[in-house]
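You asked for a short note to go with this structure. Please look through the sequence and the model before reading the points.

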Amino acid sequence: MLEVNNIDTFYGKAQALWDVSLRVDEAEIVALIGANGAGKTTLLNTVCGLLPPASGSVEFLGQRIDGLAPHSIVELGISHIPEGRRLFPHMSVSENLEMGAYVHEAWKRKEETLRQVYEMFPILQERQGQLARTLSGGEQQMVAMGRGLMSRPRLCMFDEPSYGLAPLLVAEIFRIIQGLRDHGITILLVEQSVRQSLEIADRAYVLENGRIVLEGDGKSLLKEELIKKAYLGL
Amino acid sequence: MVTFLNVVIAGLLLGGLYALIAMGLSLQYGVARVLNISHGEFIMLGGLTTWTLYTAFDINPLVSLVIVGPTTFILGFIIHRTLFKRLLSSSTSPGIFESSSMLASFGLLFMIQNIASIAWGPEIRGYSYLAVPVHLAGAVFSANRLVTLGFATVIGLAFYLFVARTRLGKAIRAAAQDPATAGLMGVNINNVLALCFGFGAAMAGIAGMLISMCYPVHVVMGLEYTIIAIIVVVLGGLGSIPGSFIGGFVLGIIGSVVTYIDPGLSLVAYYLIFILLLLVRPTGIMGK
Ligand SMILES: Nc1ncnc2c1ncn2[C@@H]1O[C@H](COP(=O)(O)OP(=O)(O)OP(=O)(O)O)[C@@H](O)[C@H]1O
Ligand SMILES: [Mg+2]
């Protein structure tokens, strides 16, 4: 479904990704793990069009998407739930969610999608008139996820959705992500909670200093020595 | 009591124009991040075009709205598409874009002014339209100024509803708050910024049309209005469209009170308010 082939990405003159390749198949959960500064966010931002790659290609459903603007990429069915939530702070919860349905196809069905999102996160319905900046961290993350789903995407990319949340809420977020996959949405997941992500992932990639150093299925990576030492503290 | 009411009404009449001008700048500065020093030049273009249409072609000034509005909109849209879009993509940070776009808008000011002075010359132009007296609260105002207030208010409220309720209006607000994330939602940022710049220019053009009905117009009239617009935008809170609307009326009433005391002092009072505001409450009355 998504194919990233040999991309190099730069911030000005500083290279952040070297020859990175990655594949996500339909209805898979693929985890991307790595230390701080490894380039995980950079990779997602390259896929969603915020950072065009200097070389290599990105293909989605067989179509080249590198070089397209972010607004065209979301129209094709990729939703990016960015690091740090990035809500529109002076808009209400319901307006933030509506913005998620901005692409034409999704706009036509936004009432229906909104009901589904409120079913998934009932607290958001209670908070629908409240300004996003006044929400708690957990509520903000739910708005970010709900907003990402409003475009009715085929592929969802989550960048550290559990960051800064209490353990109970983290478990809830992982449960929701699994539920999305069961509804046929493909997931590319960047996470700090390495154990939990590997447990739900079909496959995973490990990124170090801008390069993919390891890939495999989730369960077997959990047993890998390098992972145990570097990310699980065993 | 009667004089107090008169002063307030005169302030509202002035305030409607200020509100319109400031809302236009608020779109260009609050959303497109261009502190457009040439804003007043679009007012001048609107005013002088209306004068020409009325005196040479006998076109009713209110009818010229449908000429002046779209023309200034297209002009603003094209200027953003060619000049500011390019500056934006070559700027490495928002701060760099804010300073380079302001300098570029200074350049625009001189270009527009020079072209206009070739077209219209340095003379002060004026005409008389709807200059019939209307009695209001014991005082006399001319009908054209009341029409001005009506137009400014209707345009202001309509635009507020547009931004608050419609899909495109919400995209404009989202782009003002976080352009990159608005792009992730599917908003074509370059289009929205150019639209905002165009809307801002159209509001200036229409304000110029309204001004020409009440006051004389000339090629170098623009800068004073630009400064007033900047003061109102800061007064109302940067990026807040309702703030600019209300701020316009607040400054209009202040201006009217000061003019009642001493007509020569109004600009001085505006600057004083501006400086005090920057010192005491830089986020403005409706600032976030
Ligand atoms: N806007 C930027 N300008 C310049 N360099 C950047 C920028 N953003 C990230 N980098 C650099 O690129 C590299 C990869 O950063 P990235 O944010 O992709 O890491 P990450 O894996 O997402 O880290 P984290 O787990 O902390 O979110 C880092 O060395 C970082 O310093
Ligand atoms: Mg990151």
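The numbered points below take up strand pairing in chain A, then the two domains of chain A, then the interface of chain B and chain A.

1. Status of the model. This is a predicted model. Local features are described only where pLDDT is at least 70, and side-chain atom pairs count only at pLDDT 80 or more. Totals for chains and interfaces use all residues.

2. The hairpin at the start of chain A. Strand 1 of chain A covers residues 2-11 and strand 2 of chain A covers residues 14-24; the two are antiparallel and share 7 bridges. One pair to look for is A:E3 with its bridge partner A:R23 in strand 2 of chain A. The hairpin leaves 2 residues between these strands, and there A:G12 has a positive phi near 60°.

3. A further partner for strand 1. Strand 1 of chain A also pairs with strand 4 of chain A, residues 55-60. This pairing is antiparallel too, with 5 bridges. Within it, A:V4 lies opposite A:V58 of strand 4 of chain A.

4. Domains of chain A. The domain assignment splits chain A into domain 1, made of 2-77 + 154-230, and domain 2, made of 88-151. Taken over C-alpha atoms, the centres of domain 1 and domain 2 of chain A are 23 Å apart. Contact between them involves 12 residues of domain 1 of chain A and 10 residues of domain 2 of chain A.

5. What is buried between the domains. Domain 1 and domain 2 of chain A bury about 850 Å² between them, and 87% of this is on carbon and sulfur atoms. On the domain 1 side, A:V74, A:I176 and A:L180 lose the most area to domain 2 of chain A, together giving 37% of what that side buries. How many salt bridges are found across the interface of domain 1 and domain 2 of chain A? The count is 0. Residue pairs in polar contact between these domains, both at pLDDT 80 or more, also number 0.

6. Which elements of domain 1 face domain 2. Helix 2 (70-76), strand 7 (155-159) and helix 8 (167-182) of chain A each supply at least two residues of the side of domain 1 that touches domain 2. Helix 8 of chain A gives the most, with 5 residues. By class, this side of domain 1 of chain A has 11 nonpolar, no polar and 1 charged residues.

7. Extent of the interface of the chains. Contact here involves 19 residues of chain B and 21 residues of chain A. The two chains bury about 2,100 Å² between them, with 63% of it on carbon and sulfur atoms. Of the area that chain B buries against chain A, 39% comes from B:R167, B:L184 and B:M185, more than from any other three residues.

8. Polar links and the chain B side. Between chain B and chain A there are 3 salt bridges. A:E95 and B:R173 meet through their side chains in a salt bridge, at 2.7 Å from N to O. There are also 7 residue pairs in polar contact across this interface, both at pLDDT 80 or more. Helix 6 (167-177) and helix 7 (179-184) of chain B are the elements that give two or more residues to the side touching chain A. Helix 6 of chain B has the largest share, 7 residues. That side of chain B divides into 9 nonpolar, 5 polar and 5 charged residues.

Note on methods
Residues are numbered from 1 along each chain as its sequence is written. Chains are lettered from A and ligands numbered from 1 in the order in which they are written. Side-chain values use heavy atoms; hydrogens and water are left out. Two strands pair if DSSP finds at least two bridges between them. Helices (H or I, at least four residues) and strands (E, at least two) are DSSP runs, numbered from the N terminus. Domain bounds come from an automatic or database domain assignment. Contact means heavy atoms within 4.5 Å. Buried area is the accessible area (1.4 Å probe) that two parts lose on being put together, summed over both. A salt bridge is a side-chain nitrogen of Lys or Arg within 4 Å of a carboxyl oxygen of Asp or Glu. A polar contact is a pair of N or O atoms within 3.5 Å; within protein, one must be able to donate a hydrogen and the other to accept it, and residues adjacent in sequence count only if both atoms are side-chain atoms. Ala, Val, Leu, Ile, Met, Phe, Trp, Tyr, Cys and Pro count as nonpolar, Asp, Glu, Lys and Arg as charged, and the others, Gly among them, as polar.
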